[in-house]
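Q: Got a minute to go through a model with me? I'd like to talk about a helix, some aromatics and the cysteines.

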Amino acid sequence: MTELKRYFGARAVLGDQRPRQRNRHFHRSTWMTSPKDSWPRFSRPGVSMTLLESKNGIQCFTFEHSRDYQQVQFKFLDAVESMDPNNIVALLQLNPYHIDSLLQLSDVCRIQEDQEMARDLIERALYSFECAFHPLFSLTSGTSRLDYLRPENRAFYLALYKHMVFLEKRGCPRTALEYCKLILSLDPDLDPLCMLLLVDFLMLRSREYKSLLQLYQDWEEHRNLSQLPNFAFSCALCRFHLSQQEDLDPKEAENQKKLADQMLQSALIMFPGVLMPLLDLCTVQPDATVTSHCFFGPKSQIGQPPALAELTALYVGRTYALWKEAAIMLWLEESVKEVLRRVDSKDSFVEECENKRKQRYQSAPRNIHRHVLLSEIKEATSTLPLDVTAQPVMGFDLLPPLDSVISYTRPERQHVGASNESTLSLFFRSLLPNFNLQGGLRQEDEMGVARAGQELNQEVNRLMVAMRDMLANIRFQEPPRDDDPYRDDEEWD
């Protein structure tokens, strides 16, 4: 809100909104989201956070699911397998703060171009998480860790990422950058969502040029950031922007420009496959000497190792708009000419970079594939290997780690597969996940479905008669609001 007000003014952002004191049922102060009066009444869904270990100033936490929440999670998996979003809607009507349902339904709304609802669902998921935070868990200290190997933690990563993307699209790159830093701080060593492929873009969008160069300087030694095309090109672009600042001393500006030239030439020599796709997306027709030269021609695209092609496509698809300025294009043109001169003169650095490309980038780690899927940049997703694209991708848990730490497992269900079930049977099961037309009830924990199980143990014919009468009139209602005079507090609390 602060960033939006800075750009557009408080009146444009807030309009005629006035804080309403009556009928407010949210009182908890939260950092990540502001609860809305339109949300269902909040009651703890069964998610909590535990401190696992504290060592050398670093605290390791994990989210945990209660027994009741686990039952809801099993029903959610049933709803996902049904391939019908309405089943997730029905589950959310009864459990309005179930996190995986909120994440999955948000993707459905986004695909249907209902961006407002998609964003609202993600914010509700973050609110549910924040209400479960451990007292020692800190969003800002950089010392709190969450292990991505635990499925209960992964939803928090994904909710933060999706919220960050919505913020960037709303024109709040500075706020999105802070969320990017937060995600990176939760596991900076393994970086499960590979935020290092995104942080440079957000820093450039936020004009945090010095911060980007400082990050590059501090992390290059132990993370080899220069091996990533995004850092190689973004840091060069960063130097160029610094050299163009009006309040800069002329001598310092000239020094920054020389550094920018050197960094861009090194980036073009190391990653020649970036140039032609970049110019293509910027709708710039390159010079004939460039297109016909073997260094930047089609060979530079075809000869790229698979992982490098993935990284290149990701960077170009995400940041091409940052290169469209006329001054930047003229600078890029000058650097390309100098690179071709160095290539033709058999510069030893050119051969050195070629050897590095051949030795590295043969296969990308799983976190890069996960990041590409999350980015939804078509230029990058088309480069994913077959072993990734051939498996089903679930929005609530993208490419789960192969060595996940499982705390509880889904019980086996004794029921006939969906291919042999009638439409009416599928409908029953979407509403009552413990129902099975052929086999009676599925085996689930009696705490969650004991009452429903007693009713469904009666004859199947009686159930079908009752459900047939209900089909035409069934409606899912919102939980009653605080201002409803007919609300039964005991029932809903």
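A: Sure, here's a quick chat through those topics; keep in mind that this is a predicted model.

Q: Let's start with α5. How far apart are its end C-alpha atoms, and what span should its residues give?
A: The ends are 19 Å apart, C-alpha to C-alpha. Helix α5 covers residues 99-111, and at 1.5 Å a residue those 13 residues should span 18 Å, so the two values agree.

Q: And is α5 mostly covered or mostly open?
A: Mostly covered: twelve of its 13 residues are buried. Among them are Ile99, Leu102, Leu103, Val108 and Cys109, but also Asp100, Asp107 and Arg110.

Q: What do the buried residues of α5 pack against?
A: One strand and several helices: β1 (47-55), α3 (67-81), α4 (85-94), α6 (115-130) and α7 (151-169).

Q: Which residue with a positive phi follows α5?
A: Glutamate 113, with phi near 65°.

Q: Switching to aromatics. How many aromatic pairs does a search of the whole structure find?
A: It finds 21. One of them is phenylalanine 61 with phenylalanine 137, an edge-to-face pair at 5.3 Å centre to centre with 85° between the planes.

Q: Where do those two phenylalanines lie?
A: Phenylalanine 61 is in strand β2, while phenylalanine 137 is in the loop between α6 and β3 (144-146). They are 76 residues apart in sequence, so the pair ties together parts that are separated along the chain.

Q: Are they buried or exposed?
A: Both phenylalanine 61 and phenylalanine 137 are buried. They also belong to one aromatic cluster, together with Phe63, Phe129, Phe133 and Phe156.

Q: Which arginines have a charged end over a ring?
A: Arginine 124 sits over the ring of tyrosine 97, 5.8 Å from its centre. Arginine 154 does so over tyrosine 148, also 5.8 Å from the ring centre.

Q: What about glycine 57, where is it found?
A: In the loop between β1 and β2 (58-65). Glycine 57 has 46% relative accessibility, so it counts as partly exposed. Its C-alpha is 9.1 Å from that of serine 144, and the two are 87 residues apart in sequence.

Q: Last topic: how many disulfides does the structure hold?
A: Zero.

Q: And are cysteine 194 and cysteine 282 buried or exposed?
A: Cysteine 194 is buried, with a relative accessible area of 8%. Cysteine 282 is buried too, at 6%. The cut-off for buried is under 20%.

Notes. Residues are numbered from 1 along each chain as its sequence is written. This is a predicted model: local features need pLDDT of at least 70, side-chain atom pairs count only at pLDDT 80 or more; totals for chains, interfaces and linings use all residues. Side-chain values use heavy atoms; hydrogens and water are left out. Helices (H or I, at least four residues) and strands (E, at least two) are DSSP runs, numbered from the N terminus. The expected span of a helix is 1.5 Å times one less than its number of residues. Buried means under 20% relative accessible area, exposed over 50%, partly exposed in between (1.4 Å probe, protein chains only). Contact means heavy atoms within 4.5 Å. Rings of Phe, Tyr and Trp (its six-membered ring) pair if their centres lie within 6.5 Å; planes under 30 degrees apart count as stacked, over 60 as edge-to-face and the rest as tilted. A charge sits over a ring if NZ of Lys or CZ of Arg is within 6 Å of the ring centre and within 35 degrees of the ring normal. A disulfide is a pair of cysteine sulfur atoms within 2.5 Å.
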